[in-house]
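Biologist: I am new to reading protein models, and I would like a close look at one part of this one: the place where the ligand sits. Could you walk me through that part slowly, and then show me a few other spots that help me find my way around?

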Amino acid sequence: MTLSLNDPAFFHDPYPYYAKLRESGQPYWVPHSQESTSSGVWLFSRYEDAIAIFKETSKISKEIRFYRPEGATTTFDFHLLHRDGLDHMRLRSLIADFFSIEYIDQVKDVISLAAEELIDSLKKKNEVDLMRDYAEALPLIVIAELMGVPKEDMPQIRQWGLAIGKAFDSLLITEDILQKQKTALGELLGYVQRIVKDQKEISDEKLLGLLINAHKNGEITYEELISMVAFLLFAGHETTINLIGNGLWLLLSHPKQWQLLRDDMSLLPQAVEEVLRYESPEQRTSFRMVLEPIEINGTKMNPGDQVGVIIGSANHDEKEFQNAEVFDIQRKPNRHLAFGIGIHNCLGKTLARVEAQIAFQKILEHLPDLELQETMPGWRKNSFFRGLKELKVQF
Ligand code: HEM
């Protein structure tokens, strides 16, 4: 089909474009030349197609390093999201305890305290950019704490993360963006190698220490150690920043929903789920390569075809969600796919949910009269990660 997901209007409001894709029933072809040996990726947009792709793990592989163009594999390719079968299970089970409800319960106080401190400094200003001063700041503090890396390093890690994330968008890729990604990735991996080498007292209490010890015990290779640390530093902040930012924007721009939440804070978990559905921070899935012929909703896919899901579209599919275009924090059921499903479903989902709930709760408690300064926020030009450039408010 001729629909272009490259139109400037798409980045502001992708949902009418997604609706047309779902209606057509056809996958959308996005050419690329850099990510894998495939010359592009077929993107599926319907909810039921998304489920089929997420669940297919024998005929679809995630082992990106086997499909990189020659010489393009990096140490970053060895983390759990890009592994299959037993290797994936080994890496996931190694760190799973850090993402359990019991563990996240223990870090709730750290998150609450960090949110309150940020709000105290917001109060000293007249005009605030909630993206820069709150939504960005909080997940950076939390992931530094969980990993056991110095908080002072996080602004630099954020800068590398932005350059890496920009190149995830195969719709917009240019030589310049690719080059910047390569440089940022090289610097991030170099940073991780340095902190791993400099670590003196290594305890299993933080993720960094646990992974270093696992390498010492022969449970993971050096490439896996570096890749896992780099990936967790990146995955732990990019999407959560956007969940908090997108949520504050949605709530403040829907005054009735904001009031509903102010009156009944027990709706916080449901509100977070609706933000995840309505403006999914990760709009597309990561790398997937077809290994054996498969058919998805009548479309035949062959070995060597790269496939993906437009999560942002599946989460607006009217066949699954009644009044899908309405932002409704009381929506029930809400079986959104913002965290993926199946064996690669997001390991950090409990952490992200708790961070967002606390972030919204603290704003409602301490700054309930926030007002938006602009009625139209500027979305970052990225069709993979959906988030705002800034969110100016006054109180
Ligand atoms: C709102 C926040 C987040 C969103 C929307 C999100 C989304 C996702 C999605 C969609 C996947 C699956 C991708 C695919 O199948 O292609 C995933 C995987 C993953 N996420 Fe998240 N994520 C979030 C936060 C986090 C956080 C805070 C962490 C860690 C600190 C994290 C760690 C991971 C890991 C380790 C995987 C790979 C799991 C596996 O392969 O078994 N995520 N995430």
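Modeller: Here is a walk that begins at the ligand and then moves out to other parts of the chain.

Please keep in mind that this is a predicted model. Let's start with the iron. What does the protein offer to the iron atom of the ligand as a donor? There is a single donor from the protein, the SG atom of Cys-346, and it is 2.3 Å away from the iron. If you want to find Cys-346 on the chain, look in the loop between helix H15 (311–314) and helix H16.

Now step back and take in the surroundings of the ligand. A shell of 30 residues surrounds it, and the closest are His-88, Arg-92, Ser-286, His-344 and Cys-346. Cys-346 is thus both the iron's donor and one of the closest residues of the shell. Sorted by class, the shell has 17 nonpolar, ten polar and three charged residues.

Where do helices come into this shell? Four of them each supply at least two of its residues: H4 (85–95), H11 (222–235), H12 (238–253) and H16 (349–366). Of these, H12 gives the most, with three residues.

The oxygen atoms of the ligand are worth a careful look too. Arg-92, one of the closest residues, has a polar side-chain atom 2.7 Å from a ligand oxygen. Ser-286, another of the closest, places an N or O atom of its side chain 2.7 Å from an oxygen atom of the ligand. Arg-288 also takes part: an N or O atom in its side chain is 2.8 Å from a ligand oxygen.

Just before Ser-286 in the numbering comes Thr-285, in the loop between helix H14 (268–278) and strand S5 (289–290). Is Thr-285 buried or exposed? Its relative accessibility is 10%, so Thr-285 counts as buried. The side chain of Thr-285 reaches the backbone nitrogen of Val-309 at 2.8 Å. For a sense of distance, the C-alpha atoms of Thr-285 and Gln-26 are separated by 17 Å, with their positions 259 residues apart along the chain.

Next, let's turn to empty space inside the protein. The structure holds five cavities of 30 Å³ or more, and about 50 Å³ of space lies in the largest one. Which residues line the largest cavity? They are Phe-10, Phe-11, Pro-14, Tyr-18, Gln-283, Asn-382, Ser-383 and Arg-386. By class, that lining divides into four nonpolar, three polar and one charged residue.

Arg-380 is found in the loop between strand S9 (371–372) and strand S10 (392–394). Arg-380 has a relative accessibility of 15%, and because the cut-off for buried is under 20%, Arg-380 counts as buried. Its side chain makes a polar contact with the side chain of Glu-238, at 3.3 Å.

Another buried residue is Ile-143, which has a relative accessible area of 2%. Ile-143 lies in helix H7 (residues 137–147). The C-alpha atoms of Ile-143 and Phe-78 are separated by 20 Å, and these two residues are 65 apart along the chain.

Finally, some details of the backbone. Most residues other than glycine have a negative phi, and most peptide bonds are trans. With that in mind, look at Asn-297: it is not a glycine, but its phi is positive, at about 50 degrees. Asn-297 is found in the loop between strand S6 (294–296) and strand S7 (299–301), and at 35% relative accessibility it counts as partly exposed.

Asn-323 also has a positive phi, near 50 degrees, in a residue other than glycine. Asn-323 is found in the loop between H15 and H16. Asn-323 is exposed, with a relative accessible area of 52%.

That loop between H15 and H16 also holds Pro-333. The peptide bond from Lys-332 to Pro-333 is cis, with omega near -5 degrees. You have met this loop before, as the loop between H15 and H16 is also the place of Cys-346, the single protein donor to the iron. That brings our walk back to the ligand.

Notes
Residues are numbered from 1 along each chain as its sequence is written. This is a predicted model: local features need pLDDT of at least 70, side-chain atom pairs count only at pLDDT 80 or more; totals for chains, interfaces and linings use all residues. Side-chain values use heavy atoms; hydrogens and water are left out. On a 1 Å grid over the protein atoms alone, a cavity is a set of points where a 1.4 Å probe fits but cannot get out, and a pocket is an open set with protein on both sides within 12 Å along at least five of seven lines; lining residues have an atom within 4 Å of a point. Grid points are joined across faces, edges and corners, and a volume is the space filled by probe spheres set on the points. Ala, Val, Leu, Ile, Met, Phe, Trp, Tyr, Cys and Pro count as nonpolar, Asp, Glu, Lys and Arg as charged, and the others, Gly among them, as polar. A residue is near a molecule or strand if one of its heavy atoms lies within 4 Å of it. A polar contact is a pair of N or O atoms within 3.5 Å; within protein, one must be able to donate a hydrogen and the other to accept it, and residues adjacent in sequence count only if both atoms are side-chain atoms. Helices (H or I, at least four residues) and strands (E, at least two) are DSSP runs, numbered from the N terminus. Donors are N, O and S atoms within 2.8 Å of the metal (3.2 Å for Na, K and Ca); water is not among the atoms, so sites may look incomplete. Buried means under 20% relative accessible area, exposed over 50%, partly exposed in between (1.4 Å probe, protein chains only).
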